[in-house]
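Thanks for coming. I will go through one structure this morning, starting with its cavities and then turning to sheets and helix packing.

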Amino acid sequence: MQTMSAAAARRTVLAAQGFADSRPGGEVNRRHLQRALARTKLLQLDSVNVAVRAHYMPLYSRLGSYSPELVDAAAWPPATQHARRRQSRLLVEYWAHEASLIPVRDWPLLRWRMREYGSASRRRYRDLLERAPGLLEDVFAAVKEIGPVGAGRLERELGGDQRQGRGPWWNRTDTKRACELLFATGELTTGTRRGFERLYDLPERVLPPEVLSSDPEEGDAVRTLVERSAQALGVATEGDLRDYYRLSPAQSRQAVAELVEDGALEPVAVRGWRHQAYRHRAARTPRTIAGRALLCPFDPLIWERSRTERIFDFRYRIEIYVPQRQRVYGYYVFPFLLDGRLVARVDLKADRAARVLRVFGAFSEPGGDVVRIAAELAAALRDMAAWLDLGEVAVGEHGDLVEALRQAV
């Protein structure tokens, strides 16, 4: 079994995630978007919009300034002709690593999960189904008739004039839960979004026929998902591979064993890692990693916190739900990647009314060159502010890096 140093493993991980690729020299286009997605495999969705939506930031971290409309067009093309929408769509929403945007071609790989949700969700929503036995059928019929449509409008439609045969009145909470259940089982999907509101539609009006007709066996699908994970991670433990698509231990272990037997994964020992690691056969290990990037809390490079600590010696926790007085670093903290290492973290907010990118706190990691880190971070913050159409960067008072950062900004 080959042994890798921790530094070589880190460079392998960064290369797999796209941080060894050169950024586009000109305007970022759909081809660049596809290249970055070939690295990350998916984009996690999250409702928090303190600085920028979570699904936009990982692409910015890898590509630099680009138009978020590229992602919108790839995931939520305008609700015009159905055939045209199906042809232009690159991404579709489903539960992958949490709620995620995944390539359209990968939707069938999660059919087994839709079936699991079909039984598990109906147990979970038993109270709803007993209280409102016709709700799922009513929601599905309404989406078929008027979709793409949000839960709010569905509630109004289903709560209409009972003399017109609409049936009993359903409240919005019940309607939203019914939509989510039908989404989880694959009977509905996201047709488009208005703001961040999900508008539900039928899969046959969103996905191409060849995707809808594909239904691989669970074992084959899981093995493909684990290989996707390995491609995205470069070198990883079985637990890391399992986490990327939220698989079960039994699923992941069997798939890893089969991929090792097939030669797609190579067992390796990484110095300092407690558990067996696996390197994908296509992974590369560059001699150096250069460049800088701000990473949102839901970036796939760092979203698994124990892996982040193992690879970068960087303990990272999101503190959104921590009471303000108990927060160590801040509400929405972006780690700062510089030349292959996580060297600092900044608590950011986009103040769109004042057109200011606010840095509430900035903190360096032990042993770093504070002057250089501050200079590089200042440049990264100015670039991010320009991308977000914010006029300036304002540095606050919290953290050991703020004085040097303020001078650099």
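The second largest cavity holds about 40 Å³ of space. This is a predicted model, in which local features need pLDDT of at least 70 and side-chain atom pairs count only at pLDDT 80 or more, while totals for chains, interfaces and linings use all residues. Residues are numbered from 1 along each chain as its sequence is written, and side-chain values use heavy atoms, with hydrogens and water left out.

A cavity here is a set of points, on a 1 Å grid over the protein atoms alone, where a 1.4 Å probe fits but cannot get out; lining residues have an atom within 4 Å of a point. Grid points are joined across faces, edges and corners, and the volume is the space filled by probe spheres set on the points.

The lining of this second largest cavity consists of G18, D21, R35, A36, R39, R62 and L63. Two elements give two or more residues to that lining, α2 (30-40) and α3 (57-63). Helices are DSSP runs of H or I with at least four residues, strands are E runs with at least two, and both are numbered from the N terminus. Helix α2 gives the most, with three residues. By class, the lining has two nonpolar, one polar and four charged residues. For the classes, Ala, Val, Leu, Ile, Met, Phe, Trp, Tyr, Cys and Pro count as nonpolar, Asp, Glu, Lys and Arg as charged, and the others, Gly among them, as polar.

How many cavities of 30 Å³ or more does a search of the whole structure find? It finds two. The largest has about 50 Å³ of space. Its lining is L233, D240, D243, Y244, P300, L301, I302, W303, E304, R307 and T308. Helices α13 (238-244) and α15 each supply at least two of those residues, and α13 gives the most, with three. Six residues of the lining are nonpolar, one is polar and four are charged.

Staying with α15, I move to helix packing. Helix α1 (residues 6-16) packs with α15 (residues 305-312) at an angle of about 130°, and the axes are 9 Å apart. Axes are lines fitted to C-alpha atoms, for helices over the stretch in contact, and angles run from 0 to 180 degrees between N-to-C directions. That angle makes α1 oblique to α15; under 35 degrees counts as roughly parallel, over 145 as roughly antiparallel, 65 to 115 as roughly perpendicular, and the rest as oblique. On the α1 side the contact uses R10, V13 and L14, and on the α15 side R307, I311 and F312, where contact means heavy atoms within 4.5 Å. Four of the residues in this contact are nonpolar, none is polar and two are charged. R307 also appears in the lining of the largest cavity.

The other pair is α12 (residues 218-233) with α14 (residues 249-262). Their angle is about 75°, with the axes 9 Å apart, which makes α12 roughly perpendicular to α14. E218, V222, R223, V226 and E227 in α12 meet Q251, S252, A255, V256, E258 and L259 in α14. That contact divides into five nonpolar, two polar and four charged residues.

Helix α14 also lies across β8 and β9 (277-280), running at about 105° to β8. That brings in the sheets. Four strands form an open sheet in the order β1-β8-β9-β7, with mixed pairing; two strands pair if DSSP finds at least two bridges between them. The edge strands are β1 (2-4) and β7 (235-237), each pairing on one side only. The twist averages 45° from one strand to the next.

Within that sheet, β1 and β8 (residues 265-270) pair in the parallel sense over three bridges. Q2 stands opposite V268, and M4 opposite V270. Strands β8 and β9 run antiparallel and are joined by four bridges, with A277 in β9 as the bridge partner of V268. The hairpin of β8 and β9 has six residues between the strands, and G272 takes a positive phi near 95° there.

Last, the other sheet. Three strands form an open sheet in the order β2-β4-β3, with antiparallel pairing. β2 (43-44) and β3 (91-96) stand at the edges with a single partner strand each, so one side of each is left without a neighbour in the sheet. Six bridges join β3 to β4 (residues 98-103), and W95 stands opposite A99 in β4.

Note on methods:
1 Å grid on protein atoms, 1.4 Å probe; cavity = no way out; pocket = protein on both sides within 12 Å on 5 of 7 lines; lining within 4 Å.
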